[in-house]
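Trainee: Before we discuss this model, could you show me the chain, so that I can ask how each term is justified?

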Amino acid sequence: MTEFGFETSAKHASENLFSHLTVENVGDYIQIKRNAKARFYRIKISQNAQVMLVIPYGGNIEAALDFVHKKADWIQGAVRQAKAQTPELKENSQLNFYLFTMTLVASDRSKVVSDRSGAHLELQVERELFLQTNRNKLHAMVLKISEAYLQLWGKELLIEQANQLASEKALKVEAFKVRSQSSLWGSCSATNTISLNIHLMRLDKKLRDYVICHELAHIVHKNHSRDFWRYLNQIFPGAKAADKILRRLNPKLLTGVTIS
Ligand SMILES: [Zn+2]
C-alpha cells in the first residue's frame, strides 16, 4: 500500500501538495523531490533520519515506487542508524544540554522563556513545527537557540575549564578561543592557540576534558603519532575510548543530547 501525503498547513499547501509518500514496510514519511538535472532515481537519508526520494527528469510514479521497494532494506537500515544518533524531537520533549534543559512546547508563536535560574528553558514553537514535514526546521531551530544560549553562558565556563586543565598539566597555551564549528570539536595551531567548539558545552564534562587534553597534547606532539597517544593517555587515561565515543557525535547535530 502506498499513500500520498500532503501538507495540512494552508500556507505551504500549493507548493508542497504531494510532498511525501508513505510506503508500507518501507517508511511512513518519504519526501519527494523532482530534480530535472538528476539522471537516476536516488534515495537520500539526512543525518536526522529524513528520507528523501529524488525523481529524475522523465521519471514516473511506477518506476519511483519500484525503486523505493527495491531499496527497502537499505532505507530501513540507514534510518535506524540515523535515528540512533539524533534525538527525535516531539511536543513536550525535554532535552538535556547539561548547562540547561529545554522543553519543547507547542504555541501560537515562537519564543523562548527562561526560568529564574536560567537552568531551564521553554522553547515555544508554532504547532506546525511538530509536523513530520518540518522535522528539519525544528532541529535547526533547537540547534540555533541552544548554540546561542551556550555562547552566552557557556563560553567563559569552557575557557575556565580549559585554563585549569592546562595549568594542571603544566602546558603553556598561547590562547584559548571558543567558536562554533560544524565538524571539529577542537584544534591546536602551530603556535599553540587552541580552538574549542562551543558545542562541547553540551557534552558530558569528561568528554569535554578529553577534547581539551587532546588539544593540549598537541602542544607537545603536532601529530597523531604513537608518541602523541602515549602522552595523551598519560594526561587523560582512557583516551582511545573517549575518542571513540566522540567520533560518533556530530557538533552540528543534536547527537549526545539526551531526551526525556
Ligand atoms: Zn588531534
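Mentor: What follows takes the domains, the sheets and the helices in turn.
Mentor: This is a predicted model, in which local features need pLDDT of at least 70 and side-chain atom pairs count only at pLDDT 80 or more, while totals for chains, interfaces and linings use all residues. Residues are numbered from 1 along each chain as its sequence is written.

Trainee: What makes domain 1 and domain 2 separate units here?
Mentor: The chain is divided into domain 1 (2–85) and domain 2 (94–259), with bounds that come from an automatic or database domain assignment. Their C-alpha centres lie 33 Å apart.

Trainee: How do you know that residues of domain 1 are in contact with residues of domain 2?
Mentor: Two residues are in contact if their C-beta atoms, placed from the backbone, lie within 7 Å, and ten residues of domain 1 meet that criterion with eleven residues of domain 2. On the side of domain 1 that touches domain 2, the residues divide into one nonpolar, eight polar and one charged, where Ala, Val, Leu, Ile, Met, Phe, Trp, Tyr, Cys and Pro count as nonpolar, Asp, Glu, Lys and Arg as charged, and the others, Gly among them, as polar.

Trainee: Why are β11 and β12 said to pair?
Mentor: Strands are DSSP runs of E with at least two residues, numbered from the N terminus, as are helices (H or I, at least four residues). Two strands pair if DSSP finds at least two bridges between them; three bridges join β11 to β12, which run antiparallel, so the criterion is met. One of the bridge partnerships links Gly186 to Leu196 in β12.

Trainee: What makes β10 and β11 edge strands?
Mentor: The open sheet has the order β10-β12-β11, with mixed pairing, and β10 (175–179) and β11 each pair on one side only.

Trainee: Why is the reach of α5 called close to the expected one?
Mentor: The expected span is 1.5 Å times one less than the number of residues; for the 16 residues of α5 (205–220) this gives 22 Å, and the helix reaches 23 Å from its first C-alpha to its last.

Trainee: What makes His214 of α5 buried?
Mentor: A residue is buried if 20 or more other C-beta atoms lie within 10 Å of its own, exposed if 12 or fewer, and partly exposed in between, with C-beta atoms placed from the backbone. His214 is listed as buried, as are Leu216 and Ala217, among others in α5, so His214 meets the threshold of 20 or more. The buried residues of α5 pack against elements including α4, β12 and α6 (226–235).
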